[in-house]
Amino acid sequence: MNTRLFLILPATAFSLSAGPLRAEEPAGAADHLMSVVKTAMEFLVPPTGTRARAIELEAKFENATGDAKVLEGRPVRIKFQAPNRFFLGTEVNGPVSLSSDGTKVWIHVPKKHLLLEGDASVPRFSTRPDSVQATKVPPLQIPVTAEQLGLFQALVDFSSVPADGGGTALVLKPKEVAVQSLNLPNATLTIVPSEDGCWPKTFTYSDGKGTAATLRLTNHAISDELPATAWQPVAEPDDRVEPDDRVEHVALAHLVKFVQTAVSSLGDKIPTLPPAKGVRKVLATDGKGRLEDHDGARVLFLEGTPEEMGHQQGTLLKKEINRVVDKILYGVGVGSSFDKGRWFFGEIEEAVRRTGPFIDPRHLREMDAMADAAGRDREEARLSNFFPELFHCSGFALLGDSTVGGHVYHGRVLDYLRGMGLEENAVVMVIKPDQGNAWINMSYCGFIGSVTAMNEKHIAMGEMGGRGEGNWDGKPMAQLVREVMEKCSTLDEAIALMKNSKRTCEYYYVLSDGASKKACGIKATKDVFEVIWPGEGHPQLAHPIKDTVLMSAGDRYEELTRRVQGNYGKFTADSARELMSRPVCMNSNIQSVLFAPDTLDLWVANADSKNVASATRYTKYNLAELLKPNPGVITP
């Protein structure tokens, strides 16, 4: 949001050359506002032969409610001079700034003693000194064309209302046709001019559903030139560089990509899936692989050698893989640096280096082939495949007397990174490797490991993240889950493989075996391996229940056990899915899956823009049916 304000505020506020901003007559005010915006576009992109001037603004958020509550009281400091010199400062648990002098980019987080300096001479990857990229700081622009601007008055209603403290405010609201046809938010923007009418005094946004915020302009200035120090972190008294700040010299390309990814992600919307109608069709094929659509849900079929399967995924999901890599590495990843106070790429490269010797070479070959086909650096594919090491979730298994007919129901709740762009790239993968078991993977485009899966031998598995970050000398969790799927045919084999593997951080697993109708929970760290059988007590699980494995934490665990006790002996697939609803799942619930491993049925739900996964449509699949050579799909 702050980055977008940085692009738009100068455009809206620079109205000195266009005359006073009045709102007494909406039609005239609309014409005048358009004149202001056009003038601002010339300010951002000065006409040929015109010298670019510098603008400085100070503002503060007030009366923030709903989803915008996080902005309440936050200051905004902006400096800009076309085409690419800028300073943006705000506060997120202390001052934070993003700035550029046109050649370098700085991000400063004083509270974490972290100063990132993006330099085009620094390699993008430490393992490849030749990965220096000739990156330039791109010019900042208003994200609309002159043609789009010409449609503005036809799509927006203008009106005037009395402003608090006197005067008149201008109210902008999209017309109904714009809301319906262009999917614009049915929100209002209210602009209150200053007393002299030359600058807006406040901007108030409201969606009419409880989310609102006012941005008050407190200071402004325009000048022909600002000193070079104005674009650096040392320019602000409360944003000064201290002697103990860690100065990280990083690739300029990484910081530029971070800003671009953050801006491009604003306003992403994932529609709610309609009721399923049983429509299944092929979208594309590559060798033995194919991409299908099942009632709006994406299903990818992979088959063959690691190189063949990597090429199939990279070809069939090229656009989606590029989007996920950008959001994980340059969005979530780089963004995490500001909270941890450690440069993300340095940390994850170290983790990948230390886990590398323990990863099956076949998996690395598949990652590399996928990267080649998708047009990404191999390093990016490997780094982005490491991110599942940070999951936090819940899981359960119901069997025997706890269910109707003694069926096995295995639930997996994935609580992680909702709203960061993963859910729109969810994919069910049906995998038939040239070696080992066939299996189904509830995954995301570009990931060859797994955190939620079931194989043709009726083994299902899900995990929950714990502590121990930094214990990287072992096999990554996502690759360990995949090995269980491809190499194990019984629960005992799965337990043995996991116990004898060199492990990394703390994880908790739920495993079920539909063939033997058994299940267990596992607590695993690099040094500890504990198996919890159904109905068995554990210091971290205070309420053991016969014929169940219930693994969660805190209030979510208490609610899960309460629900199981209340419906014990009556569980069907439908009621087992209900166990995963709020508050057992968190607000971050991005995916929920219910396995019935004895029948190889499964139900998969993914979050959308409005709902957590457990509140959306579950799509039913059957692994045996999906593995049939002639599924009878409709080829467009």
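Select Leu-550 first: leaving aside neighbours within four places in sequence, Leu-550 is in contact with Gly-395, Phe-396, Leu-398, Leu-541, Ile-545, Tyr-557, Leu-560, Thr-561 and Val-564. Contact here means heavy atoms within 4.5 Å. This is a predicted model, in which local features need pLDDT of at least 70 and side-chain atom pairs count only at pLDDT 80 or more, while totals for chains, interfaces and linings use all residues. Residues are numbered from 1 along each chain as its sequence is written, and side-chain values use heavy atoms, with hydrogens and water left out.

Leu-550 is found in strand E25 (residues 548-551). Helices (H or I, at least four residues) and strands (E, at least two) are DSSP runs, numbered from the N terminus. At 5% relative accessibility, Leu-550 counts as buried; the term buried means under 20% relative accessible area, exposed means over 50%, and partly exposed lies in between (1.4 Å probe, protein chains only). Add Gly-411 to the selection: Leu-550 and Gly-411 are 139 residues apart in sequence, but their C-alpha atoms are 9.5 Å apart in space.

**The whole chain**

Zoom out and colour by secondary structure. The protein comes to 16 helices and 28 strands. Of its 636 residues, 56% are buried. Among the contacts with a separation of 6 or more, 61% are accounted for by residues 24 or more positions apart. The protein exposes about 26,900 Å², of which carbon and sulfur atoms supply 53%; accessible areas come from the Shrake-Rupley method with a 1.4 Å probe, and for residues only the protein chains shown count as cover.

**Gln-312**

Next, select Gln-312, which lies in helix H7 (residues 306-316). At 3% relative accessibility, Gln-312 counts as buried. Not counting residues up to four places away in sequence, Gln-312 touches Asp-286, Lys-288, Gly-289, Phe-301, Leu-302 and Glu-303. Gln-312 and Glu-366 are 54 residues apart in sequence and 9.9 Å apart in space, C-alpha to C-alpha.

**Helix pairs**

Two packed helices are described by the angle between their axes and the distance between the axes. Axes are lines fitted to C-alpha atoms, for helices over the stretch in contact, and angles run from 0 to 180 degrees between N-to-C directions.

Glu-366 leads to the next selection, helix H10 (residues 361-374), which packs with H12 at an angle of about 110°, their axes 11 Å apart. H10 is therefore roughly perpendicular to H12; angles under 35 degrees count as roughly parallel, over 145 as roughly antiparallel, 65 to 115 as roughly perpendicular and the rest as oblique. His-363, Glu-366 and Met-367 in H10 meet Gln-479, Arg-482, Glu-483 and Glu-486 in H12. The residues of this contact divide into 1 nonpolar, 2 polar and 4 charged. In this scheme Ala, Val, Leu, Ile, Met, Phe, Trp, Tyr, Cys and Pro count as nonpolar, Asp, Glu, Lys and Arg as charged, and the others, Gly among them, as polar.

Keep H12 (residues 477-487) and add helix H13 (residues 491-500): their axes come within 10 Å and cross at roughly 145°. Leu-480, Glu-483, Val-484 and Lys-487 of H12 make the contact with Glu-493, Ala-494, Leu-497 and Met-498 of H13. By class, this contact has 5 nonpolar, no polar and 3 charged residues.

Now select helix H8 (residues 318-340) and helix H9 (residues 344-355), which pack at an angle of about 105° with their axes 8 Å apart. H8 is thus roughly perpendicular to H9. Leu-329, Tyr-330, Gly-333, Val-334, Ser-336, Ser-337 and Lys-340 in H8 meet Phe-344, Phe-345 and Glu-347 in H9. By class, the contact has 5 nonpolar, 3 polar and 2 charged residues.

**Backbone stops**

Most residues other than glycine have a negative phi, and most peptide bonds are trans. Select Asp-295, in the loop between strand E14 (289-294) and strand E15 (297-304). Its phi is near 55°, a positive value in a residue other than glycine. At 16% relative accessibility, Asp-295 counts as buried.

Move to His-458, in the loop between strand E20 (452-455) and strand E21 (459-465). The phi of His-458 is near 80°, also a positive value in a residue other than glycine. At 21% relative accessibility, His-458 counts as partly exposed.

Finish with two cis peptide bonds. One joins Ala-82 and Pro-83, with omega about 5°; Pro-83 is found in the loop between strand E2 (75-81) and strand E3 (85-91). The other runs from Arg-582 to Pro-583, with omega near 5°, and Pro-583 has its place in the loop between helix H15 (573-578) and strand E26 (589-596).
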